[in-house]
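Visitor: I'd like a close look at just one part of this protein. Could you walk me through it slowly?

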Amino acid sequence: MSPTRVHSGGKSGGKTASPSTARAINDRLALALLQREGPLTAGQLKQLTGLSRPTVADLVERLRGARLITVVGEAGAERRGPNARLYGIVADRAHLAGIDVRTDRVTVCVADLLGRTLAEASLPIAQRATGEPGRPAAGPPAVAAAVDLLTSTAARAGATSLHTIGVGAPGLLDPATGALGSNTGWLPRWHADLVAAVREHFPAELLLENEANLAAVAEQRLGAARDRDTFVLLWLGGGTGAAVVLDGALRRGASGGAGEIGFLPVPGTGGLPSASGCEGGFHSLAGGPALCDLAHRHGLPVEGTGVEAAERALRAAVAAVRESRGERRGERDERGEVGGAGVPAGPAEAFLDAYADGVAIGVAAVSAVLDPGCVVIGGECGRAGGDELARRVAERVARMAPVRLEVRAGTVGGAAVLRGAVLMARDAAQDDLFAP
């Protein structure tokens, strides 16, 4: 790591930094190092920052006085002389929460200021008929149960209050109003009610973000895109979506619609999408319903409906193909289920190829417009397809795209949205608490 030095009274861009500004910059630098590297001694802080010993001593005292860092141990037991004190961030200085809102489930996680999980819980949300085909809904009891879930999980974590809450959900996030909505009409009404209830019951900063965007945050910090500051996360689930990360920043578009790839007009759907529905667009090639239809056409068993049925069909096909190659036998998925039993390898192979054909059309279009260099495939169906699907998509895109593109399977797993929500909350809390 190259040392970074900020001198009190130094110059930057022809302007002299005030002593208070220099101190604030140095403090943030030290806190960022403690966040990334873990506990450090004053000597290590001096080495990593390039600051003088007196300057480091001053900032350590300031940060201890603000109860942002504390002594967490000692280093140097292997050498002669007194041991050096190790300083670390006070993790319980604030508690955070992440909420992943699905159409049929809410999952919450309570974490400390470092983003470490303290307690986690999940709650199925019963759906009821609404008279509107394809639009699930849940009434006020679901909202109350979800609020109670967050309350009880915070109590188990020992959090008397929450500083910041990050919420991830499907749908468009309006950058002007911060409101979550949908232009497809299929999202349940209780999503917006839950966000309002969380705001009412918890005196915390509430941050709302689209699910694909949060999954991209998690993959960039923890998963398949850790070496990328420009990439696209393609979300394949009940619906389709994408998160666009350019030069390390999420790009949401003028109205929050960047990444609504389900509306992308593509060949092979027999129609065109409309302003109020993505049928006829890329969704009709790669979304959950299309995947189930494709499995039926290839003679593969499809149990149930919805995204879970699509996920099971795809996971079973992948398992059958791998078992035919002798790569795996009886391997269990994230839910502990064994896939591939009774699925013939030939139709499974053809099914995977056909699905990859459709997915590759959308990926090639993204590549031609954005040239992201890397696409990470996530979402429920993306996870089910894994490396097997990513490899097939990459082979097809290489024949269509004018630029080089790497296709990777996401590695964070089913908790990507939740992990992204916690990371978003952690960043916001640290920005607040670490401010001068």
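How many bridges join strand β6 to strand β7, and do they run parallel or antiparallel?

Guide: Sure, and keep in mind that this is a predicted model. Seven bridges tie β6 to β7, which covers residues 105-112, and the two strands run antiparallel. Together β6 and β7 make a hairpin, with three residues between them. If you want a spot to click on, try Asp-100, which sits opposite Thr-107 of β7.

β6 has another partner too: β9, residues 164-169, is joined to β6 by five bridges, and this pair runs parallel. Here Ala-97 is the one to pick, as it stands opposite Ile-165 in β9.

Now look at how covered the strand is. β6 spans residues 95-101, and seven of its seven residues are buried. That goes for both faces: His-95, Ala-97, Ile-99 and Val-101 are buried on one side, while Leu-96, Gly-98 and Asp-100 are buried on the other. Asp-100, the residue facing Thr-107, is thus part of a covered face as well.

One more stop, for the cysteine-minded. Cys-109 has 0% relative accessibility, so it counts as buried, because the cut-off is under 20%. Cys-374 also comes out at 0% and is buried. As for disulfides, the count for this model is zero, going by sulfur atoms within 2.5 Å.

Notes:
Residues numbered from 1 in each chain as written. Predicted model: local features only at pLDDT ≥ 70, side-chain atom pairs only at ≥ 80, totals over all residues. Heavy atoms only, no water. Buried < 20%, exposed > 50% of the residue type's maximum accessible area, 1.4 Å probe, protein only. Helix = DSSP H or I, 4+ residues; strand = E, 2+ residues; numbered from the N terminus. Pairing = 2+ DSSP bridges.
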